[in-house]
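Biologist: Before we discuss details, could you put the structure in front of us, so that each question can be followed on it?

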Amino acid sequence: MHRESIFLALAVLLMAFVSADVGAKPKWQVLFDGKSTDSWRGFRRQTFPDKCWVIEGGALKTVAGCEKSDQIDIITRNKYKDFEFELEWRVAPGANSGIIYLVSEDEDQTWKTGPEMQVLDDEKHADGKNPKTSAGSLFALIAPTNKTLMPVGEYNRARLVVRNGHVEHWLNDKKVLEYDLKTENLASLIAQSKFKAFPQFARMSEGHVALQFHGDNVWFRNVRVRDLVSK
């Protein structure tokens, strides 16, 4: 009887462990820890463009005025479909960059296939005058709302969620916009924009995440991603 009780207790513990594991959230994968760029490479190349992307103070920095041959976006080595992506960014005065996602290398620029979450100094860059191209926007398509932007020189927290074709942009812990891929509403917005010339834009079911080189000084840190299970 004592042995049976032990077996029963072990069985209960095992079931509890399995249930907890099934219900657990997916684990985060660190993409940049302040030291290693191993999770990244240049767009349409296998090497990292280290003349235009450097590590400074635990952050990845884009270098203004760097060697032209390395003036390219960087992309994750892995592709993602349903995922959550987070980082912190800050910009020099007047600087511009972006987080581009669901990127394919079929076109010659990341933005020709991947939607972009804008990274920007809203006050001093011309794009800041248009809400649809301001920081946090779905670039040139959807303006952010309820936005709080940190002063230039301080870090902003950005978060992207892509799940079952639904996309959310978060900025400093506030959801600033959401939309659905492959819908008539998005197709209509694209048809009225420069992206209409690129048939694969926002059509990828999975792809790389890219950080944009735009010729300015911009810093990214605490970069991580996790796969989300489709439901």
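The exchange below takes up salt bridges, a sheet and one arginine.

Modeller: This is a predicted model, in which local features need pLDDT of at least 70 and side-chain atom pairs count only at pLDDT 80 or more, while totals for chains, interfaces and linings use all residues. Residues are numbered from 1 along each chain as its sequence is written, and side-chain values use heavy atoms, with hydrogens and water left out.

Biologist: How many salt bridges does a search of the whole structure find?

Modeller: A salt bridge is taken here as a side-chain nitrogen of Lys or Arg within 4 Å of a carboxyl oxygen of Asp or Glu. With that criterion, the search of the whole structure gives a total of 13.

Biologist: Which residue forms a salt bridge with E105, and is that partner buried or exposed?

Modeller: The N to O distance in this salt bridge is 2.8 Å, and the pair links distant parts of the chain, 64 residues apart, with E105 in the loop between β7 (96-103) and β8 (116-120) and its partner in strand β2 (residues 40-42). Strands, like helices, are DSSP runs numbered from the N terminus (E, at least two residues, for strands; H or I, at least four, for helices). Buried means under 20% relative accessible area, exposed over 50% and partly exposed in between, with a 1.4 Å probe and protein chains only, so E105 at 23% counts as partly exposed. The partner has a relative accessible area of 7% and is therefore buried; the residue is R41.

Biologist: Which residues are linked with E84 in a network of salt bridges?

Modeller: One salt bridge of E84 is with R226, where the closest N and O atoms are 2.9 Å apart. This pair joins strand β6 (residues 83-91), which holds E84, to strand β13 (residues 218-227), which holds R226, across 142 residues of the chain, and both residues are buried. The network links E84 with E86, R159, R224 and R226.

Biologist: In what order do the five strands of the open sheet lie?

Modeller: Two strands pair if DSSP finds at least two bridges between them, and the pairing in this sheet is antiparallel. Strands β2 and β8 are the edges, each pairing on one side only. Within the sheet, β7 is joined to β12 by three bridges and to β8 by five. The order is β2-β5-β12-β7-β8.

Biologist: Which residue of β12 stands opposite I75?

Modeller: Strand β5 (residues 74-76) and strand β12 (residues 208-211) pair in the antiparallel sense over two bridges. In β12, I99 stands opposite L211, whereas the residue opposite I75 is A210.

Biologist: With which residue does the side chain of R157 make a polar contact of 2.6 Å?

Modeller: R157 lies in strand β9 (residues 156-163) and counts as partly exposed because its relative accessibility is 36%. Leaving out residues up to four places away in sequence, R157 touches L87, E88, W170, L171, N172 and D173, where contact means heavy atoms within 4.5 Å. A polar contact is a pair of N or O atoms within 3.5 Å; within protein, one must be able to donate a hydrogen and the other to accept it, and residues adjacent in sequence count only if both atoms are side-chain atoms. The side chain joined to R157 in this way is that of D173.
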